[in-house]
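Let's take a walk through this structure together, starting with its aromatic rings and then moving on to its nonpolar cores. Keep the viewer open as you read.

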Amino acid sequence: MEISIANWLVGASKQLETAGIETARLDCLVLLEDCLNTNRTQLLAHPERELDIEQIKWLSSRLKRRTKHEPLAYIRGKTEFYGREFIVNKHVLEPRPESEAMIDLLKAATLPANPRIADIGAGSGCLGITAKLELPHAQADLIEVDEPALAAAKKNVNKFSINATCIKNDLLARISTKHDVILANLPYVPNNFHINLAAQAEPRFAIFGGADGLDVYRRLFSQIKELPWQPSFIFTESLPPQHAELAAIANSAGFKLVRTEDFIQQLEPK
């Protein structure tokens with residue numbers, strides 16, 4: 001039994017809409033692109049194209065997962081960040097568009113000629129790898145405590161064929177190498193904060209950061225305070241209402257807030 005792209009798209013979109021997926025049609029188009037290895041323009045230009053049985057089975061299995069609000073990135077095994085496609089798995093957060101502002105602020109900063117950058121809590125490695133790709137003369141270290149998450153970062157390092165080091169470590173504990181820049185998108189959601197169904201499929205340890213959401217940042221800045229070296233820049237991500245408290249935490253470790261961009265903060269030594 002075959003079905004046209006147009007008819008499948010109508011039926012599949014209704015399934016996702018019924019399940020409460022707000023991006024139903026878009027998600028279906030993305031799955032079609034993956035299944036047929038084509039682009040959106042071609043799909044919409046040829047809605048009469050027939051899907052064969054194997055393609056329908058492939059799409060149906062993924063559609064079923066999406067109706068349960070599993071993130072599309074996990075279903076696809078990949079997602080886009082800063083215009084590039086990254087490998088992801090269920091052990092890492094799906095990179096968010098708001099995190100891209102951290103790269104913009106990094107590129108606008110006055111950095112040393114060959115900066116060494118630490119991506120703390122790297123997950124998929126999207127921040128550190130993007131930093132390396134945008135700043136080719138930089139050295140990137142991807143630091144992550146969770147082994148399955150670090151495996152995703154290693155795959156992305158290989159995918160982009162870059163020179164970056166993946167390090168299994170708890171934040172900056174026992175890191176003796178001096179870093180000029182720290183990128184830290186750490187868990188910052190308060191424990192009692194309601195998250196959507198898709199986010200509930202993501203690793204909780206990468207989302208929630210204690211009663212006020214900032215416990216992991218407290219640990220980070222406590223470690224920074226004891227380091228034998230001092231970074232020139234620290235970039236953090238948190239909810240805008242948390243910025244004042246996070247700035248106070250940073251201040252206690254000798255850093256001041258110099259700039260904010262939505263969810264992102266830029267901190268420098270006082």
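Searching the whole of this predicted model turns up four aromatic pairs. A pair of aromatic rings is described by the distance of the centres and the angle of the planes. Take Phe81 and Tyr82 to begin with: the ring centres are 6.4 Å apart and the planes meet at 40°, so this pair is classed as tilted. That angle falls between the cut-offs of 30 degrees for stacked and 60 for edge-to-face. Both residues, Phe81 and Tyr82, are buried.

Now stay with Phe81 and look towards Phe86. These two rings also pair, with 6.3 Å from centre to centre. Their planes stand at 75°, which makes the arrangement edge-to-face. Phe81 and Phe86 are both buried as well. Add Phe160 to the view, and you have one aromatic cluster made of Phe81, Tyr82, Phe86 and Phe160. Phe160 has a charged companion too: Lys159 lies over the face of its ring, 5.6 Å from the ring centre.

Phe86 deserves a closer look. Where does Phe86 lie? You will find Phe86 in strand S4, which covers residues 84-87. Its relative accessibility is 0%, and that is why Phe86 counts as buried; the cut-off for buried is under 20%. Which residues touch Phe86, once neighbours within four places in sequence are left aside? The contacts are Gly77, Lys78, Thr79, Phe81, Gly125, Cys126, Ile129, Thr130, Asn156 and Phe160. For a sense of distance, try Leu36: 50 residues separate Leu36 from Phe86 along the chain, and their C-alpha atoms are 20 Å apart.

From the rings, let's turn to the nonpolar cores. The largest of these has 31 residues, and those with the most contacts inside it are Ile120, Leu172, Tyr217, Leu220, Phe221 and Ile224. At least two residues of this core come from each of strand S5 (116-120), strand S8 (181-184), helix H10 (215-226) and helix H11 (243-252). Which element gives the most to this core? The answer is H10, with five residues.

Phe221 is a good place to zoom in. Again leaving aside neighbours within four places in sequence, Phe221 is in contact with Ile234, Thr236, Leu246, Ile249, Ala250, Ala253 and Leu267. Apart from this largest core lies another one, of 29 residues. Among the members of that other core are Ile129, Val157, Leu183 and Ile264. You have already met Ile129, as one of the residues in contact with Phe86.

Note on methods: Residues numbered from 1 in each chain as written. Predicted model: local features only at pLDDT ≥ 70, side-chain atom pairs only at ≥ 80, totals over all residues. Heavy atoms only, no water. Core = buried A, V, L, I, M, F, W, Y, C linked by side-chain atoms within 4.5 Å. Buried < 20%, exposed > 50% of the residue type's maximum accessible area, 1.4 Å probe, protein only. Helix = DSSP H or I, 4+ residues; strand = E, 2+ residues; numbered from the N terminus. Contact = heavy atoms within 4.5 Å. Phe/Tyr/Trp six-rings, centres within 6.5 Å; stacked < 30°, edge-to-face > 60°. Lys NZ or Arg CZ within 6 Å of the ring centre and 35° of its normal.
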